[in-house]
Amino acid sequence: MATFLYRIGRWAFRRRRLVGGLWLGVLVLAIAAAGLAPEGKEEDLSMPGTESQKAFDLLDERFPQSNAQGAEARLVFRAPDGQRVTARENKAAVEDTLGSLDGGDQVASATDPYEAGAVSEDGTIAYSTITYTVGAVDLTEQTKSALEDAANRARDAGLTVEVGGSALDSEEEPGGTTEIIGVAVAAVVLVLALGSLAAAGLSLLTAFVGVAIAFGLVSALAVPLGLTSTVAILALMLGLAVGIDYALFITSRFRDERAQGREPEEAAGRAAGTAGSAVVFAGATVFIALIGLGVVGIPELTKMGMGGAGAVALAVLVALTLVPALFGFFGNGVSPARAKPRAWGRVLARAVRKAEGAPRGGAGNCAISHDEPAGDRRPIAADPAKRMGTRWARFVLRRPAAVLLVAGLGLGAVALPALSLELGLPGDESKSVETTQRRAYDLLSEGFGPGFNGPLTVVVDMSASSGSGSGDSRATTDLVARTVRGVDGVVSVGDPVLSRTKDTAVLTAVPRTAPNSGETKDLVHAIRGAVSGVEADTGAGILVTGTTAMNIDISEAMSDALIPYLTVVIGLAVLLLMVVFRSLLVPVKAALGFLLSVGAAFGVLVAVFQWGWAADLLGIEQTGPVMSLMPILIIGIVFGLAMDYEVFLLTRMRETYVHGASPGEAIVNGFRHSGRVVAAAAIIMISVFAGFIGMSSPTIQTMGVGLAAAVAFDAFVVRMAIVPAVLALLGHRAWWLPPILNRVLPNVDIEGEKLSTRVPAAATVPDAAPPRLPVGRHRQ
């Protein structure tokens, strides 16, 4: 692997004009394809195989004149203070408003609130339900404008009017102030980490190229593959984060190789062969985790995983080819062969010397620690960031048990709120109080009770029952209505609506409690249990559906799929890491550390989105259950990113260890070379994810908070504290691999061992690795 990527790096450096031209051509084609492609449409969330989805499919079949999952709007009217909506003037205004909607091309029906009994008991609030022949994503702007104009007509007459339902749902567009701030923070971190504007610009440029291509492809394929705006935003979020990180890792290694005196082409090859190998396997873990989302069985989640995986794959390809090519274009701007420390570096170096009591001058600048590997003795203070990584590693080595205990208990405490995790899907109740949908939701709750916003639909299929006459159908539906009405928690059951063939009936049941409450979830199960007896007696099939029931079914499906998903993803990733590190315990430790960081991230989600902690600070106006898609989605993404840091941090440790260093020396050397880069990469990723918190979509907000928190915990607590502490306690056992696995598993040479024999080292390397000892005979 290392030798192959070494050749690619050198080839890309030599053929930089060809490589740059090819990527530019791909970028132009992707943008052109996106511009020419028709605009994608949002799709309704579905869960094939669930009872609620089967009922929707049955309704589409038996009621072809209507769309069971078509768009719906509710015009909610409120009379002025001291008046009733039944007053003559107000009634005339309502009827005039509804009359303006007649004749719309996509309008199926509009109910009269006075005839349908849709007036509150106190007479102050009424509503009309407008149904459409198409789904919300297919409504034209003309249809939406007609609905808004109708509401304004009633407002002009003195009524308070709000519009609820799915008709006015809009597609979330990427781009905004918070995302720009996130990228700006990433740029600053890159400059500080690399000490060069050119190197920072290179990392940002390559990341933007990969993201632009991924975003263009998702947009171009939106219609044929049914990709939604959420897929595009996830591809943008992940592509930007990993694209910057992967370029940072390879650029940092290139600068290290140049600092050792190697020529630019040779340094580019070695950077691609060593750091590039880590990028390949890190990207592979992210790819596996995202593709694994397909095992859940939710089409939208599968598409999100595919879109994110594609963006990560592009980021890997860009890092392995375009980054080395740009090394040639940027010349010494990326990394002069022997650069002086930057101004900020000199300031930090003086601070380090002062803290350590080192004298000014040459001795202070060339301080050598006698417990470091002999081959790593270099002017440490000239690179204060590396010095700080070394000091932290030594601190952990002196107190591994204490560090492990504090870090583990701290993450456990943060994870405690996750025990109260409640899942659901956002509705109008989760929207901002500034939106008309949220105000309509509140008016309906006030006038008709909280359960009115989440009615349940009971579908009775009598096609297979013994009787098929109208009398038998009426008897069956009446029995179902009485049974449902007798379930505790049901406020009312509407009259049944029969299909033209009289073999299917639809009843609407209104719960007493709000759609996302636990009581409503229990009610759905209670109704399904109650009607099972009617099914046995009549032979009819009875299904409970509706948006509320669908949300409940999806949430339960998420919980059921969690263990199989974790088994598949973690199993494959542990096997992959076993191949990378030739170790049995390192992959297991990586997986367990990941579970700690994810648990802490879930604790943050519960505290913010359910309990409201810091919600105002983050711009989250409504608390409630955490989106049911989030646990598996965050697990999939964070597992891949956690393995990124594991690979990048431990690659240098493994590289040092196989060259004869002791386990402790390997830990110190890994932090000296990779600690700063991993910390910078984590800050960049946190900044990018946090930049999406400002979007109005609850899905994107939850994803931004969860991913930013998970990366922070995983990078700075698990990988920087728990990992070195565990490795220190394990010693040589950490790198042990059973002989049978050693023979079976392929040797991919991620640490670039073969490069030391195939490629001669530079004659001026001041920190050549210590001589290789026979296998199994490492320094103590």
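In this predicted model, the side chain of R62 reaches the side chain of T504 through a polar contact of 2.8 Å. A second polar contact, of 2.9 Å, runs between the side chains of R62 and D461. R62 is a helpful place to begin a tour of the structure. Its position is in helix α3, which spans residues 51-62. With a relative accessible area of 17%, R62 falls under the 20% cut-off and is therefore buried. Leaving aside residues up to four places away in sequence, R62 touches D461, S463, S499, D503 and T504.

Two of these neighbours also pair with R62 by charge. R62 and D461 form a salt bridge in which the closest N and O atoms are 2.9 Å apart. This pair links distant parts of the chain, since R62 belongs to helix α3 and D461 to strand β6 (residues 456-461), 399 residues apart. In space, the C-alpha atoms of R62 and D461 are separated by 9.4 Å. Both R62 and D461 are buried. The side chains of R62 and D503 meet in another salt bridge, at 3.7 Å from N to O. Because R62 lies in helix α3 and D503 in the loop between β8 (497-498) and β9 (504-511), the pair ties together parts that are 441 residues apart in sequence. D503, like R62, is buried.

The whole structure holds 20 salt bridges. One of them joins the side chains of R719 and E646, with an N to O distance of 2.5 Å. Here the link is between two helices: R719 is in α25 (residues 698-730) and E646 in α23 (residues 630-658), 73 residues apart. R719 counts as buried at 1% relative accessibility, and E646 counts as buried at 0%. Elsewhere, R10, R14, E265, E266 and R270 are joined into one network by salt bridges that share partners.

Attention can now turn to the surface. A nonpolar patch there is formed by I181, V185, I683 and F716, which together have about 300 Å² of accessible area. Within this patch, I683 sits in helix α24 (residues 663-690). Its relative accessible area of 35% makes I683 partly exposed.

The protein chain as a whole completes the picture. It contains 27 helices and 11 strands, and buried residues make up 55% of its 780 residues. Of the contacts between residues at least 6 apart in sequence, 80% join residues at least 24 apart. The chain exposes about 31,600 Å², with carbon and sulfur atoms supplying 59% of that area.

Note on methods: Residues are numbered from 1 along each chain as its sequence is written. This is a predicted model: local features need pLDDT of at least 70, side-chain atom pairs count only at pLDDT 80 or more; totals for chains, interfaces and linings use all residues. Side-chain values use heavy atoms; hydrogens and water are left out. Helices (H or I, at least four residues) and strands (E, at least two) are DSSP runs, numbered from the N terminus. Buried means under 20% relative accessible area, exposed over 50%, partly exposed in between (1.4 Å probe, protein chains only). Contact means heavy atoms within 4.5 Å. Accessible areas come from the Shrake-Rupley method with a 1.4 Å probe; for residues, only the protein chains shown count as cover. Patches are made of residues with over 30% relative accessible area and no salt bridge: like charges are joined within 9 Å, nonpolar side chains (Val, Leu, Ile, Met, Phe, Trp, Tyr) within 5 Å. A salt bridge is a side-chain nitrogen of Lys or Arg within 4 Å of a carboxyl oxygen of Asp or Glu. A polar contact is a pair of N or O atoms within 3.5 Å; within protein, one must be able to donate a hydrogen and the other to accept it, and residues adjacent in sequence count only if both atoms are side-chain atoms.
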